[in-house]
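Got your viewer open? Let's take a walk through this one together, one selection at a time.

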Amino acid sequence: MFKILKYSFFDLMRSRWSYVYFLFYLMLGIVLLFLNNDTSKAVITLMNIIIVLTPLIGTIFGIMYYYNSREFTELLLAQPIKRSTIFLGQYLGVSLSLSLSLVIGLGIPFILYGIFQSSAIFNFLTLLLVGAFLTFIFVALAFNVALSNENKIKGFGYAILIWLFMAVIYDGLFLISLMLLEEYPLDRYSLIASMLNPIDLSRILILLKLDISALLSYTGALFKKFFGTNLGMISSTLVLVLWVILPVMRIIYKSKKKDF
Amino acid sequence: MAISSSFAQTVEVCASCNVKTLKEAIAIAPKYGKIVVKKGIYKEHDIEIDKPISIIGENNPVFDGEKKGYVLIIKSDSVSISGLHLKNVGQSYTKDFAGIYISKSEHFKIDNCTLSDVFFGILAEKSHHGIISNNTISSVVKNEASTGNGIHLWHCSNVTVAENELFNLRDGIYFEFVTDSKILNNFSHNNLRYGLHFMFSNNDEYHNNTFTKNGAGVAVMFSKYITMTQNIFKENWGTASYGLLLKEIYDAEIENNEFDQNTIGVYTEGSTRINYKNNTFNRNGWAVKIAGACYTNKFEKNNFLYNALDISYNSKLNDNTFDENYWSSYTGYDLDKNGYGDVPYRPVKLFSYMVNKTPETIILLRSLFVDILNFSEKVSPVFTPDDLLDNNPLMKPLK
């Protein structure tokens, strides 16, 4: 598996798109920091960008990589290698290279700016961690879609739809349901509903770090317990891990059965 | 003995002096005399001062009330007390024990005293024309019922409260039925309830005070003609914390204050004819939350910087005006370069309207969908009051 991972990883590292992605974050970091002059505000702006953009890029890269390397995959399948190894290796290769672009691209300007001396260092680290998590989650989702769809156009469409659903539509439905059910106690429901969407979950995780937790906990006792203590931090991180593990399990399961 | 020591109308109290307790000294001191208390620890409580006198502590003599009741009780006009350290005031659920209790007296002066482990710190009732300055008052907070207020004035007038530091109390400063008084340069922090609490007190002013990390910030209720300038309301974070809570206030001036990182910067309810000018609202959850029945309030030349929600409004009716403020979330342009944005700013977002109706929706704060919603509401307001806008939003923050 490690060999395939290495191959995928270096293959992607050499590709133009990784550099573009890396340069994009580099520019973004530099512009935000040196025009804003305030690390904690830059972290907030970055949050808005990261929770929308990393899933999108992860989805597109994941699905493109799978379809493009199909011939190579078929070649590998002819060798005496376990199937799950091949797909996991590719998956990890894509996710790692994307995460690396993100971490290094944003890391360089922040280090140059002096993040180590700033109190925003933990907020920044949370941000990078959440970005990496989102990459892993959405690449896994894209691989799932690709494994289930032979048709490239269809697969691409579904993958984009998943992103659109998670990033925008889900919140819309969530908001409407909250407004419709306003006469009922909603705290438990809204906590669970936001756990079911990795993008919402990441947003909350970062908000918790950014001192807005008091604002959130204004709402009720359960919110207070969740956002006011470490419970919120720990459980949202755990659910994020779960969000990586479950799609990866499905990749393994699907790849074992898939007929090429 | 009395004659010899009151030679200059001064009585000295110390462990090795002729007069060993303050009670004795008060008994023998002449009217308008002076008592000097030397360094030492005096275990006395319920010391009653019934004649005009000044008591001066040298090198911080300590009066230990041993938790038995009041320490000093002032029942006469023209009493001044300075440089004492009073501690261990009694605690009671029926009596308001205080470090210094002032009853029906005029022209009192209390300065440079330290009061620690108090129930009430300085409690004044029906007293007028006094000065309370440069004191440090603290307690050990347990809960609201078993802790008193730092400086508590009831039915007083023309009192100046200045340069005091108050912490770990229930309310730092509490005013009830107090008129024509001033609160200046105080630092009230880490109190269980309010840093400053006003009830039924008219024509008062407070300037240059700092209120930080109090349980619920500062509350001004049922009062008229209050002036608040250059105060700092900071870090009142918590589930029910306000920088400033206004309830049933008329004709107040709120100028040059700084509201920094509070859950709610200003919460106002039933308040009319209030002018907010040159204030800075920085990184609050809500900068201003306006509940019902607030009429003809004016917000002019304020800075609204990076608040999660700028203004929250719970009705479609609007009688308040916003003009020439700086809003960090303003996205308009200034083509004629006159310093004012060409497009009016709508401080009430659709999202803040929703949060008002269904508080749980706050969980969607800063999500992409909410941004899209806010944008569409900005283009054509349906839910938010359509006349609530700032026609001259500033392009640059005010200094």
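Here is a short tour, starting with one chain and ending in the core.

**Stop 1: chain B as a whole.** Keep in mind that you're looking at a predicted model. Select chain B and colour it by secondary structure: there are 4 helices and 39 strands to find. Now turn it around a bit. Along the principal axes, its C-alpha atoms fill a box of roughly 90 × 40 × 30 Å. Of the 399 residues in chain B, 46% are buried. If you look at contacts in chain B with a separation of 6 or more, 46% of them link residues 24 or more positions apart.

**Stop 2: the two domains of chain B.** Give residues 1–214 one colour, for domain 1, and residues 215–221 + 234–399 another, for domain 2. The C-alpha centres of these two domains of chain B are 40 Å apart. Where they touch, domain 1 of chain B puts in 14 residues and domain 2 of chain B puts in 10. Which elements should you select on the domain 1 side of that contact? Pick β22 (194–199) and β24 (210–212) of chain B, the elements that each give two or more residues to it. β22(B) gives the most, with 6 residues. Sorted by class, this side of domain 1 of chain B has 6 nonpolar, 6 polar and 2 charged residues.

**Stop 3: where chain A meets chain B.** Bring chain A back into view. The contact between the chains takes 28 residues from chain A and 21 residues from chain B. On the chain A side, select α3 (39–68), α7 (152–180), α8 (187–195), α9 (198–209) and α10 (213–217), which each supply two or more residues. Linger on α7(A): its 8 residues are the largest share of that side. Colour the chain A side by class and you should get 15 nonpolar, 6 polar and 7 charged residues.

**Stop 4: the core.** In soluble globular proteins, nonpolar side chains tend to be buried together. Here the largest nonpolar core has 181 residues, and A:Val139, B:Leu72, B:Ala98 and B:Ile100 touch the most other members. Next, select helix α6 (residues 121–148) of chain A, which gives the most to this core, with 15 residues. Domain 1 and domain 2 of chain B both contribute residues as well, so the core lies between them.

**Last stop: B:Leu72.** Zoom in on B:Leu72. What is it in contact with, leaving aside neighbours within four places in sequence? Show B:Ile47, B:Ile49, B:Ile81, B:Leu86, B:Ile100 and B:Tyr101, and you have the answer.

Technical notes
Residues are numbered from 1 along each chain as its sequence is written. Chains are lettered from A and ligands numbered from 1 in the order in which they are written. This is a predicted model: local features need pLDDT of at least 70, side-chain atom pairs count only at pLDDT 80 or more; totals for chains, interfaces and linings use all residues. A nonpolar core is a set of buried Ala, Val, Leu, Ile, Met, Phe, Trp, Tyr and Cys residues joined through C-beta atoms within 7 Å. A residue is buried if 20 or more other C-beta atoms lie within 10 Å of its own, exposed if 12 or fewer, and partly exposed in between; C-beta atoms are placed from the backbone. Domain bounds come from an automatic or database domain assignment. Two residues are in contact if their C-beta atoms, placed from the backbone, lie within 7 Å. Ala, Val, Leu, Ile, Met, Phe, Trp, Tyr, Cys and Pro count as nonpolar, Asp, Glu, Lys and Arg as charged, and the others, Gly among them, as polar.
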